Amino acid sequence: MTADTAQSLARLAAERVDHRFKGLPPDADGLTVAELAGQRRNLFTDGFATPVLALSAERLEHNLRLMETYAARHGLAFAPHGKTSMAPQLFQRQIEHGAWGITLAVPHQVRVARAFGTRRVFLANELVDAAALRWIAAGLDADPDFELVCYVDSVRGVELMDAALRDADATRPVDVVVELAAGEGARTGVRTEAECAAVADAVAGTRTLRLVGVAGYEGEVPKADTERVTAWLRRLVALAAEFDKAGRFAGLDEIVVSAGGSAWFDAVAEVFAEIPELSLPVLKLLRSGAYVSHDDGHYRKLTPFNRVPEEGALEPAFRLWTQVVSRPSAEQAFVNAGKRDAAYDLGLPFAQVIRRDGAERPATGVSVTGLSDQHAWLATTPEADLEVGDWVGLGLSHPCTSFDKWQLIPVAEADGTVVDYVRTFF
């Protein structure tokens, strides 16, 4: 960890706890985050108010170690997507667990990462905002250790980037990779190899941009399955080889080939292992981000570890603790967390456990059927033992829209001892 990073993270620890941070003990107001963490309060007995989202300390560490091991085993560099958590403390832990850098999507996210000392950024988007490009150019010129790689996916985009960087009198070129679209009807990216060559030609015609590789996102492959995803990844590798053969990477130290969301990184590992020898070493860059907390829904179903169980298994690290505030009938109950607190874009939360008088048991006969702004609707069967005042622990689906609802998240050990707090910046 650099001195700048340490100082920036120390400022987070010095932040005062107050009304901004929901779920934290009201009597902690005025303490610094470090002081509150040092008290090692218990999530269930020391004043935390529901709803409160918690990260499992043990599962978080497990997931960090597992993906570090996976990337190393398959010869992959790793730039996990930081938009999942937008938590500089987690960025630093990911880097300490071997990450090459952090992937981000928009300029604000880059500013957050840079404010906390992130040295390498992969920007998985074409950047054409002139104000943001001026800021990036100034950052590159001021800090020789700052490295940024950015998508390009159109000749027009290259022209706009070049104009903005020339106006900024940039002295260091911005490194770019041509983004290959995942197919017709997919999200961003260049649709054909011929168009990719035209974009690469446009980059070569500037002094402000430098082509360093190719990239894309296989998660956008239409009707994705192993065969279709593998075919697209081989197109991406072939594009890199074609560009290399044409001499487009002359003068570089390495060629960047990048892909990899959270659903198909096993296919990425397999195809990237087949990359032929090129004129330069290849940086095989994986960008999966949801692994850091994993989930109990969408990614639990889609994780590649389901297909390769011998490689290990991610563990869901989030639990949203809520409290029963209404039990109007034998078939219905309501807890005090809703759309403001829980992810719901990729599936409703899951009722997992019930706590009463310090004892915890499975949430048998309890299911979430809907969300209002501040309530979750629960359906209860006759076997459900549920009373007003009970705490209900909910599992969540989709990490990206779980982190973004909480500014300061307790990290709790299995017995409920809170050992840290993770600050997010959305």
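Biologist: Which elements each supply at least two residues of the lining of the second largest pocket?

Modeller: In this predicted model, strands β1 (52-56), β10 (318-329) and β12 (350-356), together with helix α3, each contribute at least two residues to that lining. The second largest pocket has a volume of about 380 Å³. Its lining consists of 21 residues, and S56, R59, A317, R319 and W321 are those nearest the centre.

Biologist: How do the residues of that lining divide by class?

Modeller: The lining of the second largest pocket comprises 10 nonpolar, 3 polar and 8 charged residues.

Biologist: What should be noted about the largest pocket?

Modeller: The volume of the largest pocket is about 650 Å³. Its lining is made of 34 residues, with K83, R187, Y217, G219 and G261 nearest the centre. Strand β4 (120-126) and helix α11 (298-302) each provide at least two residues of this lining. By class, 16 of the lining residues are nonpolar, 11 are polar and 7 are charged.

Biologist: How many cavities of 30 Å³ or more does the structure hold?

Modeller: There is 1 such cavity, and the largest cavity has a volume of about 50 Å³. The residues S262, F265, A290, Y291, H294, Y299, T303 and L314 line it. That lining has 5 nonpolar residues, 3 polar residues and no charged ones.

Biologist: F265 also belongs to helix α10. Why is α10 described as largely enclosed by the rest of the structure?

Modeller: The reasoning rests on burial, meaning under 20% relative accessible area. Helix α10 spans residues 265-272, and 7 of its 8 residues are buried, so the helix is largely enclosed by the rest of the structure. The buried residues are F265, D266, A267, V268, A269, V271 and F272. Their cover includes α3 (57-73), α9 (226-245), β8 (255-259) and β9 (282-286).

Biologist: What does F272 touch, leaving aside residues up to four places away in sequence?

Modeller: F272 touches L76, L233, L236, V237, V257, S258, A259, K284 and L285.

Biologist: How should one read a nonpolar core, and which residues of the largest one touch the most other members?

Modeller: In general, nonpolar side chains tend to be buried together in soluble globular proteins. Here the largest nonpolar core has 124 residues, of which F122 and F272 touch the most other members. Helix α9 supplies the largest share of this core, 8 residues. Another core, of 19 residues, lies apart from it and has V33, L36, F48 and A54 among its members.

Terms used
Residues are numbered from 1 along each chain as its sequence is written. This is a predicted model: local features need pLDDT of at least 70, side-chain atom pairs count only at pLDDT 80 or more; totals for chains, interfaces and linings use all residues. Side-chain values use heavy atoms; hydrogens and water are left out. Buried means under 20% relative accessible area, exposed over 50%, partly exposed in between (1.4 Å probe, protein chains only). Helices (H or I, at least four residues) and strands (E, at least two) are DSSP runs, numbered from the N terminus. Contact means heavy atoms within 4.5 Å. On a 1 Å grid over the protein atoms alone, a cavity is a set of points where a 1.4 Å probe fits but cannot get out, and a pocket is an open set with protein on both sides within 12 Å along at least five of seven lines; lining residues have an atom within 4 Å of a point. Grid points are joined across faces, edges and corners, and a volume is the space filled by probe spheres set on the points. Ala, Val, Leu, Ile, Met, Phe, Trp, Tyr, Cys and Pro count as nonpolar, Asp, Glu, Lys and Arg as charged, and the others, Gly among them, as polar. A nonpolar core is a set of buried Ala, Val, Leu, Ile, Met, Phe, Trp, Tyr and Cys residues joined through side-chain atoms within 4.5 Å.
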